[in-house]
Amino acid sequence: MDKGTVPPDGDVSMGTGILATTIIVTILADTVVALRFIVRKWIVKNIGWDDWCILCAVLGITIGMALVIVQVSYGFGRHKYYLTSHQLQEFQ
């Protein structure tokens, strides 16, 4: 499998930035939805179908975050030139 030419920047991994962004956005989304549920439960006294849809969306975001964590462990965020053959196989 042809890995191409050597990248000019060297073996730079963007995985840390990808993980940080994904985790921060997921935590913010979880916090906002949790606060919404608290307000709807104790102040409005009514949790509607729209709240449950939002909760399902946040669960999807959380699952997506878990998948990104696994992808970074397989080399996501690095140039393919520096990936092992096993890592390249996992991405195809």
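The buried residues of helix α2 pack against helix α1, where buried denotes a relative accessible area under 20%, exposed one over 50% and partly exposed a value in between, calculated with a 1.4 Å probe on protein chains only. The helices, here and below, are DSSP runs of H or I with at least four residues, numbered from the N terminus. The model is a predicted one, in which local features need pLDDT of at least 70 and side-chain atom pairs count only at pLDDT 80 or more, whereas totals for chains, interfaces and linings use all residues. Residues are numbered from 1 along each chain as its sequence is written, and side-chain values use heavy atoms, with hydrogens and water left out.

On the α2 side, the buried residues are Asp-51, Val-58, Met-65, Val-68 and Val-72. On the α1 side, Gly-15, Thr-22, Thr-26, Ala-29, Val-33 and Phe-37 are buried, and the buried residues of α1 in turn pack against α2, which covers residues 49-73. Helix α1, comprising residues 15-44, contains 30 residues and reaches 42 Å from its first C-alpha to its last, close to the 44 Å expected at 1.5 Å a residue; the expected span is taken as 1.5 Å times one less than the number of residues in the helix. For α2, which has 25 residues, the corresponding distance from first to last C-alpha is 37 Å, close to the expected 36 Å. Each helix is followed by a residue with positive phi: Lys-45 after α1, with a value near 65°, and Gly-75 after α2, with a value near 105°.

Side chains of opposite charge can pair when their charged atoms come close. With a salt bridge defined as a side-chain nitrogen of Lys or Arg within 4 Å of a carboxyl oxygen of Asp or Glu, the count comes to 4 salt bridges. One of these joins Asp-50 to Arg-36, with the closest N and O atoms 3.1 Å apart; Asp-50 lies in helix α2 and Arg-36 in helix α1, so this pair ties together parts that are 14 residues apart in sequence. Asp-50 is partly exposed at 28% relative accessibility, and Arg-36 is likewise classed as partly exposed, with a relative accessible area of 30%. Asp-50 also meets the side chain of Arg-40 in a salt bridge, at an N to O distance of 4.0 Å; because Arg-40 lies in α1 and Asp-50 in α2, the parts tied together by this pair are 10 residues apart in sequence. Arg-40 forms a further salt bridge with Asp-51, whose closest N and O atoms are separated from those of its partner by 2.9 Å, and this pair, with Arg-40 in α1 and Asp-51 in α2, ties together parts that are 11 residues apart in sequence. Asp-51 is buried, at 0% relative accessibility. Arg-36, Arg-40, Asp-50 and Asp-51 are thus described as linked in a network of salt bridges.

Within this network, the surroundings of Arg-36 in helix α1 can be considered further. When neighbours within four places in sequence are left aside, Arg-36 is in contact with Asp-50, Asp-51 and Ile-54, contact meaning heavy atoms within 4.5 Å. By comparison, the C-alpha atoms of Arg-36 and Val-6, which are 30 residues apart along the chain, are separated by 49 Å.

A nonpolar patch on the surface is formed by Leu-35, Ile-38, Val-39, Trp-42, Ile-43 and Val-44, with about 620 Å² of accessible area together. Patches are made of residues with over 30% relative accessible area and no salt bridge, nonpolar side chains (Val, Leu, Ile, Met, Phe, Trp, Tyr) being joined within 5 Å and like charges within 9 Å, and accessible areas come from the Shrake-Rupley method with a 1.4 Å probe, with only the protein chains shown counting as cover for residues. Val-39, a member of the patch, is placed in helix α1 and is partly exposed, with a relative accessible area of 38%.

As to the cysteines, a search of the whole structure finds 0 disulfides, a disulfide being a pair of cysteine sulfur atoms within 2.5 Å. Cys-53 is in no disulfide, and the nearest cysteine sulfur, that of Cys-56, is 6.3 Å away; Cys-56 is likewise in no disulfide, with the sulfur of Cys-53 as its nearest, at 6.3 Å. Cys-53 is partly exposed, with a relative accessible area of 43%, whereas Cys-56 counts as exposed at 53% relative accessibility.

Conventions. Helix = DSSP H or I, 4+ residues; strand = E, 2+ residues; numbered from the N terminus.
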